Amino acid sequence: MEEEVKNGIPSDHIFIGGFSQGGATALYAALNSKLRFAGVIALSTWLPMHQRVNEYLQQSESKFTTPIFTGHGDSDPMVPI
C-alpha cells in the first residue's frame, strides 16, 4: 500500500479487502496503518484482536470515517456468524 502511495495513488483512493484470513488481514491492516483508506471489504471473516478495537480507533480520528463492509453467509463451517 505504501508503494502505491509512493507511485502517486492517494491512500484514500485505495480499497483493501479479503475473504476469510484475507479479510482478517485487511481489517487488521486498516486499523493499524497510518494511512486512511477509501474503504475495507471483508467477507466471511473475523476481526483479529477485537478486544483492542477501541484502542486502534483512538490512534487516529480519521479511521472513524473509513467505511467498512463485512459480509457473512450462514453456511460457513469455519467461521461462525
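Two strands pair if DSSP finds at least two bridges between them. Helices (H or I, at least four residues) and strands (E, at least two) are DSSP runs, numbered from the N terminus. The model is predicted: local features need pLDDT of at least 70, side-chain atom pairs count only at pLDDT 80 or more, and totals for chains, interfaces and linings use all residues. Residues are numbered from 1 along each chain as its sequence is written, and side-chain values use heavy atoms, with hydrogens and water left out.

**Exercise 1. The sheet**

Task: Establish the strand order of the open sheet and identify its edge strands.

Solution.
1. Begin with β1 and β2, which are joined by five bridges in the parallel sense. Within this pair, I16 faces V40 of β2, and G17 faces I41 of β2.
2. Continue to β2 and β3, which run parallel and share four bridges. Here A42 has T70 of β3 as its bridge partner.
3. The resulting open sheet of three strands reads β1-β2-β3, with parallel pairing. Its edge strands are β1 and β3 (68-71), each of which pairs on one side only.
4. On average, neighbouring strands of this sheet are turned by 5° against each other, direction ignored.

**Exercise 2. The helix on the sheet**

Task: Describe how α2 is placed relative to the strands, and state the handedness of the unit that β1, α2 and β2 make.

Solution.
1. Helix α2 packs on the sheet and touches β1, β2 and β3 (contact means heavy atoms within 4.5 Å).
2. The direction of α2 makes about 150° with that of β1. Axes are lines fitted to C-alpha atoms, for helices over the stretch in contact, and angles run from 0 to 180 degrees between N-to-C directions.
3. Together, β1, α2 and β2 form a right-handed β-α-β unit. The crossover is right-handed if, with the strands pointing away from the viewer, the path from the first strand over the helix to the second runs clockwise.

**Exercise 3. The nonpolar core**

Task: List the residues of the largest nonpolar core and find the element that gives the most to this core.

Solution.
1. A nonpolar core is a set of buried Ala, Val, Leu, Ile, Met, Phe, Trp, Tyr and Cys residues joined through side-chain atoms within 4.5 Å. Buried means under 20% relative accessible area, exposed over 50%, and partly exposed in between (1.4 Å probe, protein chains only).
2. The largest core has nine residues: I14, I16, A26, L27, A29, A30, F37, V40 and A42.
3. Two or more residues come from each of α2 and β2, and α2 gives the most, with four residues.
4. Apart from neighbours within four places in sequence, A29 is in contact with M1, I16 and F37.
5. In soluble globular proteins, nonpolar side chains tend to be buried together.

**Exercise 4. Loop residues**

Task: Is S33 buried or exposed, and where does S33 lie?

Solution.
1. S33 is in the loop between α2 (21-32) and β2 (39-43).
2. Because its relative accessibility is 17%, S33 counts as buried.
3. A polar atom of the S33 side chain lies 2.9 Å from the backbone nitrogen of L35.

Task: What sign does phi take in S20 and M49?

Solution.
1. Most residues other than glycine have a negative phi.
2. S20, in the loop between β1 and α2, has a positive phi near 60°. With a relative accessible area of 24%, S20 is partly exposed.
3. M49, in the loop between β2 and α3 (53-58), has a positive phi near 50°. M49 is partly exposed, at 34% relative accessible area.

Conventions
A polar contact is a pair of N or O atoms within 3.5 Å; within protein, one must be able to donate a hydrogen and the other to accept it, and residues adjacent in sequence count only if both atoms are side-chain atoms.
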